[in-house]
Amino acid sequence: MIENLKDFIDEVEKFKADSKEKVEELRLKFLSRKGILTEIFNEFKSVAPAEKREYGQRINALKQLVEKKISEAQAGFEEKASKPNDLDITLPGPNYTIGSHHPITNVLNEIIEIFSRLGFTVAEGQEIEDDYHNFTALNFAPEHPARDMQDTFFIETDPDILLRTHTSGGQVRVMEKQQPPIRVLVPGRVFRNEAVSARSHCIFHQVEGLYVDKNVSFADLKQTLMYFAKEFYGEKTEIRLRPSYFPFTEPSAEMDVSCSICGGKGCGICKNTGWLEVLGCGMVHPNVLRNCGIDPEVYSGFAFGMGIERTAMLRYGVTDIRMFFENDMKFLSRFKI
């Protein structure tokens with residue numbers, strides 16, 4: 001046993017006081033009545049006189065090292081126990097940042113919810129469209145300017161395939177598959193080959209509505225849009241319809257709403273007119289119904305469409321459409337609901 005003094009010293013030096021139980025095990029192993037040090041002291045009597053001094057120093061060093069390790073460990077445990085508990089369960093939890101819907105999503109969801117009260121359902125279109133559903137079926141003449149490359153992103157390898165310029169193609173597909181009555185909204189992202197500026201973008205979102213049934217009139221369109229305007233912009237909102245032109249509707253109109261910022265008196269937002277243009281609309285052209293397999297002598301319908309970004313800009317007072325696409329967290333955090 002006495003020959004192993006160096007090994008015992010190395011063992012004690014490497015000892016880690018992980019718990020009180022391990023410290024007690026160390027004490028019993030070396031300092032108890034039947035421990036290692038007791039056996040070493042008993043063997044010390046038989047050591048040659050010339051070696052007693054060297055062995056005696058090693059034995060004392062081992063004993064002091066064991067006692068020091070035990071003393072330090074006990075002091076550490078006492079200090080830890082004397083410290084107050086750092087966890088205060090009465091304090092509120094950490095303030096984690098919670099995400100939210102994008103403002104475009106908020107506006108779109110509100111529009112869908114309003115029209116759903118009138119019986120409109122939602123249909124999904126496709127962003128990659130063919131020329132027929134995007135133009136031809138909607139009564140676009142072959143020479144119509146919207147077919148020009150300056151307005152539309154065509155697929156280079158197939159000029160018949162393009163990125164949709166409006167969600168009207170989704171309405172065509174619904175009419176091809178379903179006979180009236182039809183009452184549907186088609187929201188989605190659309191693409192136009194336009195310069196990006198504070199007021200326009202090459203990517204934006206639309207929601208278009210379609211109602212086809214027997215005896216549908218322009219008065220039905222007007223009342224539907226009046227209901228939407230008052231629900232979305234406020235009960236005091238007024239609307240006006242101005243004659244316009246779209247290939248797929250006849251007659252066609254642009255709808256303005258009274259400016260909610262100035263109450264119709266005129267301001268910078270409405271360019272001092274008191275009115276804000278919000279959507280286009282009209283009665284579905286008979287050629288469109290005919291192209292979709294619906295008899296225009298029996299059925300009639302109306303359609304409308306609005307840009308979500310423009311609507312969101314009016315709702316939130318945003319002056320630059322590009323802000324909706326830049327993923328600026330400081331900007332988006334303003335729209336938590």
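These questions and replies look at why certain terms apply to this predicted model.

Me: What is counted in this predicted model, and how are residues numbered?
Reply: Residues are numbered from 1 along each chain as its sequence is written, and side-chain values use heavy atoms, with hydrogens and water left out. The model is predicted: local features need pLDDT of at least 70, side-chain atom pairs count only at pLDDT 80 or more, and totals for chains, interfaces and linings use all residues.

Me: Why is D256 called buried?
Reply: Buried means under 20% relative accessible area, exposed over 50%, and partly exposed in between (1.4 Å probe, protein chains only). D256 has a relative accessible area of 2%, so D256 is buried.

Me: Why does R240 count as partly exposed?
Reply: R240 stands at 33% relative accessibility, so the in-between class applies.

Me: What makes D256 and R240 a salt bridge?
Reply: A salt bridge is a side-chain nitrogen of Lys or Arg within 4 Å of a carboxyl oxygen of Asp or Glu. The closest N and O atoms of D256 and R240 are 2.8 Å apart, so the pair qualifies. The two residues sit 16 residues apart, D256 in strand β8 and R240 in strand β7. Strands are DSSP runs (E, at least two residues) and helices are too (H or I, at least four), numbered from the N terminus. Salt bridges that share partners join R240, R242, D256 and E277 into one network.

Me: How do you know that E254 has no salt bridge?
Reply: The nearest side chain of opposite charge, R242, is 4.8 Å away. The limit is 4 Å, so this pair does not count. Lys and Arg count as positive and Asp and Glu as negative; His and the chain ends are not counted. E254 is buried and lies in strand β8 (residues 249-258).

Me: What makes E127 and R189 a pair that ties together separate parts?
Reply: Their side chains meet in a salt bridge (3.2 Å, N to O). E127 lies in the loop between β1 and β2, and R189 in strand β5, so the pair ties together parts 62 residues apart in sequence.

Me: Why do β1 and β5 count as paired?
Reply: Two strands pair if DSSP finds at least two bridges between them. β1 and β5 have 2 bridges, in the parallel sense, so they pair. β5 and β6 pair in the antiparallel sense over 10 bridges.
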